[in-house]
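Student: Hi, could you walk me through a few backbone and strand details of this one?
Tutor: Happy to, let's have it on screen.
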Amino acid sequence: MLIDMHVHESKYSKDSMFTLEEAVESAKKVGLNGICITDHESSDIFDEAHEYSKKSGFLVLVGAEILTFEGDLLVFGLRDIPKHMMHSGELLNIVSRHKGIAISAHPFRNNNRGLGYHIREVNKILSGVEAFNDSTEPHQNLHAYSLATELKLPSTGSSDAHVLDRIGKYATVFEHRVRDEKDLIEAVKQGSIYPAMLK
(Lines give C-alpha, C1' and ligand atoms only; values in the text may rest on other atoms or scores of the structure.)
Protein backbone atom coordinates (compact mmCIF):
# COMPACT_ATOMS: atom_id res chain seq x y z
CA MET A 1 0.00 0.00 0.00
CA LEU A 2 1.13 3.50 -0.83
CA ILE A 3 0.25 6.15 1.77
CA ASP A 4 1.21 9.83 2.00
CA MET A 5 1.78 10.13 5.76
CA HIS A 6 1.96 13.92 6.12
CA VAL A 7 -0.83 16.01 4.61
CA HIS A 8 -2.41 19.25 5.86
CA GLU A 9 -5.97 20.38 5.09
CA SER A 10 -7.37 23.88 5.43
CA LYS A 11 -9.98 23.47 8.17
CA TYR A 12 -7.50 22.89 10.99
CA SER A 13 -4.19 23.85 9.31
CA LYS A 14 -4.68 27.48 8.35
CA ASP A 15 -1.57 27.46 6.11
CA SER A 16 -3.09 24.78 3.85
CA MET A 17 -4.86 25.62 0.59
CA PHE A 18 -7.19 22.61 0.14
CA THR A 19 -10.01 20.71 1.82
CA LEU A 20 -10.15 17.11 2.98
CA GLU A 21 -12.37 16.24 0.02
CA GLU A 22 -9.94 17.82 -2.45
CA ALA A 23 -7.03 15.98 -0.82
CA VAL A 24 -8.76 12.63 -1.29
CA GLU A 25 -9.58 13.30 -4.95
CA SER A 26 -6.00 14.37 -5.65
CA ALA A 27 -4.61 11.31 -3.84
CA LYS A 28 -6.80 9.01 -5.93
CA LYS A 29 -5.61 10.63 -9.16
CA VAL A 30 -1.92 10.10 -8.39
CA GLY A 31 -2.42 6.46 -7.42
CA LEU A 32 -2.18 6.56 -3.64
CA ASN A 33 -4.01 4.02 -1.50
CA GLY A 34 -4.40 6.38 1.45
CA ILE A 35 -3.41 9.62 3.13
CA CYS A 36 -2.74 10.73 6.69
CA ILE A 37 -4.10 14.09 7.75
CA THR A 38 -1.56 15.57 10.17
CA ASP A 39 -2.75 19.06 11.01
CA HIS A 40 -0.70 21.40 13.15
CA GLU A 41 -1.30 20.70 16.85
CA SER A 42 -4.71 19.23 16.06
CA SER A 43 -6.46 15.94 15.48
CA ASP A 44 -9.89 17.60 15.56
CA ILE A 45 -10.70 16.33 12.07
CA PHE A 46 -10.58 12.71 13.30
CA ASP A 47 -14.31 11.89 13.25
CA GLU A 48 -15.00 13.88 10.08
CA ALA A 49 -12.07 12.25 8.26
CA HIS A 50 -13.15 8.74 9.25
CA GLU A 51 -16.72 9.42 8.14
CA TYR A 52 -15.50 10.72 4.80
CA SER A 53 -13.18 7.74 4.44
CA LYS A 54 -16.14 5.38 4.74
CA LYS A 55 -18.25 7.51 2.39
CA SER A 56 -15.55 7.79 -0.28
CA GLY A 57 -14.12 4.29 0.10
CA PHE A 58 -10.63 5.80 0.35
CA LEU A 59 -8.35 5.32 3.36
CA VAL A 60 -7.97 8.50 5.43
CA LEU A 61 -6.05 8.24 8.70
CA VAL A 62 -5.46 10.99 11.24
CA GLY A 63 -2.42 11.99 13.26
CA ALA A 64 -1.01 15.40 14.15
CA GLU A 65 2.14 17.41 13.56
CA ILE A 66 3.23 18.71 16.95
CA LEU A 67 5.97 21.28 17.47
CA THR A 68 8.22 20.58 20.46
CA PHE A 69 11.06 22.75 21.72
CA GLU A 70 13.44 20.60 19.66
CA GLY A 71 11.35 20.31 16.49
CA ASP A 72 8.26 18.80 14.85
CA LEU A 73 6.98 15.28 15.46
CA LEU A 74 4.32 13.43 13.47
CA VAL A 75 2.23 11.64 16.08
CA PHE A 76 -0.27 8.81 15.62
CA GLY A 77 -2.36 7.14 18.33
CA LEU A 78 -2.73 10.21 20.54
CA ARG A 79 -6.23 11.71 20.45
CA ASP A 80 -5.71 14.33 23.17
CA ILE A 81 -3.11 16.71 21.77
CA PRO A 82 -1.16 18.56 24.50
CA LYS A 83 -2.26 22.19 24.87
CA HIS A 84 1.17 23.50 25.74
CA MET A 85 4.57 23.19 24.08
CA MET A 86 6.91 20.62 25.60
CA HIS A 87 10.27 18.98 25.06
CA SER A 88 10.39 16.15 22.53
CA GLY A 89 11.33 13.57 25.16
CA GLU A 90 8.26 14.44 27.20
CA LEU A 91 5.95 14.15 24.20
CA LEU A 92 7.58 10.90 23.10
CA ASN A 93 6.97 9.40 26.52
CA ILE A 94 3.30 10.43 26.41
CA VAL A 95 2.93 8.86 22.96
CA SER A 96 4.63 5.69 24.15
CA ARG A 97 2.27 5.40 27.12
CA HIS A 98 -0.65 5.57 24.68
CA LYS A 99 0.98 2.85 22.52
CA GLY A 100 1.27 5.28 19.63
CA ILE A 101 4.17 6.30 17.41
CA ALA A 102 6.09 9.51 16.82
CA ILE A 103 8.15 10.24 13.71
CA SER A 104 10.68 13.05 13.36
CA ALA A 105 9.30 15.34 10.65
CA HIS A 106 11.73 16.96 8.16
CA PRO A 107 14.58 16.71 10.71
CA PHE A 108 17.17 18.73 8.80
CA ARG A 109 15.00 21.43 7.22
CA ASN A 110 16.60 24.80 7.93
CA ASN A 111 13.57 26.46 9.54
CA ASN A 112 14.26 25.49 13.17
CA ARG A 113 11.38 22.98 13.12
CA GLY A 114 13.37 19.77 12.68
CA LEU A 115 14.90 17.61 15.42
CA GLY A 116 18.22 17.39 13.56
CA TYR A 117 20.93 15.62 15.53
CA HIS A 118 18.70 15.66 18.63
CA ILE A 119 17.39 12.43 17.08
CA ARG A 120 20.49 10.74 18.53
CA GLU A 121 19.37 11.68 22.04
CA VAL A 122 15.80 10.37 21.65
CA ASN A 123 16.28 7.55 19.15
CA LYS A 124 15.44 4.83 21.71
CA ILE A 125 11.90 6.21 22.08
CA LEU A 126 11.48 7.64 18.57
CA SER A 127 9.47 5.47 16.15
CA GLY A 128 10.92 6.66 12.85
CA VAL A 129 12.32 9.43 10.69
CA GLU A 130 10.59 11.24 7.85
CA ALA A 131 13.58 10.76 5.56
CA PHE A 132 11.92 12.05 2.38
CA ASN A 133 9.73 15.14 2.63
CA ASP A 134 8.68 16.96 -0.54
CA SER A 135 8.84 20.38 1.15
CA THR A 136 12.49 19.85 2.11
CA GLU A 137 15.68 20.18 0.06
CA PRO A 138 17.05 16.90 -1.38
CA HIS A 139 20.37 17.11 0.47
CA GLN A 140 18.50 17.60 3.76
CA ASN A 141 16.37 14.54 3.00
CA LEU A 142 19.46 12.47 2.25
CA HIS A 143 20.98 13.62 5.54
CA ALA A 144 17.82 12.43 7.35
CA TYR A 145 17.86 9.09 5.52
CA SER A 146 21.52 8.55 6.37
CA LEU A 147 20.93 9.20 10.07
CA ALA A 148 17.83 6.98 10.16
CA THR A 149 19.82 4.17 8.52
CA GLU A 150 22.71 4.61 10.94
CA LEU A 151 20.37 4.43 13.95
CA LYS A 152 18.28 1.62 12.42
CA LEU A 153 15.10 3.69 12.59
CA PRO A 154 12.29 3.16 10.03
CA SER A 155 12.19 5.77 7.26
CA THR A 156 9.02 7.32 5.87
CA GLY A 157 8.21 9.45 2.84
CA SER A 158 5.54 12.11 2.55
CA SER A 159 4.55 15.26 0.75
CA ASP A 160 3.94 17.58 3.73
CA ALA A 161 1.44 19.03 1.27
CA HIS A 162 -0.10 22.45 1.84
CA VAL A 163 -1.00 22.89 -1.85
CA LEU A 164 -2.93 20.30 -3.83
CA ASP A 165 -0.44 19.41 -6.55
CA ARG A 166 2.16 18.28 -4.00
CA ILE A 167 0.12 15.38 -2.60
CA GLY A 168 1.85 12.06 -3.19
CA LYS A 169 5.15 13.45 -4.47
CA TYR A 170 6.72 11.34 -1.74
CA ALA A 171 4.88 8.56 0.09
CA THR A 172 5.46 5.50 2.26
CA VAL A 173 5.14 1.92 1.06
CA PHE A 174 3.47 -0.42 3.55
CA GLU A 175 4.22 -4.08 2.92
CA HIS A 176 0.93 -5.19 4.48
CA ARG A 177 -2.63 -3.92 4.32
CA VAL A 178 -3.43 -0.86 6.45
CA ARG A 179 -7.06 -0.49 7.50
CA ASP A 180 -6.77 2.00 10.35
CA GLU A 181 -4.36 3.90 12.60
CA LYS A 182 -3.70 0.75 14.63
CA ASP A 183 -2.42 -1.07 11.51
CA LEU A 184 -0.26 1.92 10.58
CA ILE A 185 1.23 2.11 14.06
CA GLU A 186 2.01 -1.61 14.06
CA ALA A 187 3.63 -1.46 10.62
CA VAL A 188 5.93 1.40 11.64
CA LYS A 189 6.87 -0.39 14.87
CA GLN A 190 7.70 -3.53 12.88
CA GLY A 191 9.67 -1.53 10.31
CA SER A 192 7.72 -3.07 7.41
CA ILE A 193 7.71 0.24 5.52
CA TYR A 194 9.96 2.24 3.23
CA PRO A 195 9.84 5.62 1.47
CA ALA A 196 9.00 6.09 -2.22
CA MET A 197 9.17 8.96 -4.70
CA LEU A 198 6.30 9.41 -7.18
CA LYS A 199 7.64 12.43 -9.12
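Tutor: We'll go through a central strand topic and some backbone angles, and keep in mind that this is a predicted model.

Student: Okay, start with β4, is that strand buried or exposed?
Tutor: Five of the five residues of β4 (residues 72-76) are buried, so the strand is largely enclosed by the rest of the structure.

Student: Which way do the residues of β4 point?
Tutor: D72, L74 and F76 point one way, while L73 and V75 point the other way, and all are buried.

Student: And which strands does β4 pair with?
Tutor: β4 pairs with β3 (residues 59-67) in the antiparallel sense over four bridges. Four bridges also join β4 to β5 (residues 101-104), again antiparallel.

Student: What stands opposite V75?
Tutor: In β3 and β4's pairing, A64 stands opposite V75; in β5, V75 has A102 opposite.

Student: What about the turn between β3 and β4, which residue has a positive phi there?
Tutor: That's G71, with a phi near 150°, in a hairpin that has four residues between the strands.

Student: Switching topic: which residue between β2 and α2 has a positive phi?
Tutor: E41, at about 50°, although it is not a glycine. Most residues other than glycine have a negative phi. E41 sits in the loop between β2 (34-40) and α2 (46-56) and is partly exposed, at 37% relative accessibility.

Student: And what is the phi of D160?
Tutor: About 55°, so positive, although D160 is not a glycine either.

Student: Where is D160, and is it buried or exposed?
Tutor: D160 lies in the loop between β7 (155-158) and β8 (170-174), and D160 is buried, with a relative accessible area of 3%.

How values were computed
Residues numbered from 1 in each chain as written. Predicted model: local features only at pLDDT ≥ 70, side-chain atom pairs only at ≥ 80, totals over all residues. Heavy atoms only, no water. Helix = DSSP H or I, 4+ residues; strand = E, 2+ residues; numbered from the N terminus. Buried < 20%, exposed > 50% of the residue type's maximum accessible area, 1.4 Å probe, protein only. Pairing = 2+ DSSP bridges.
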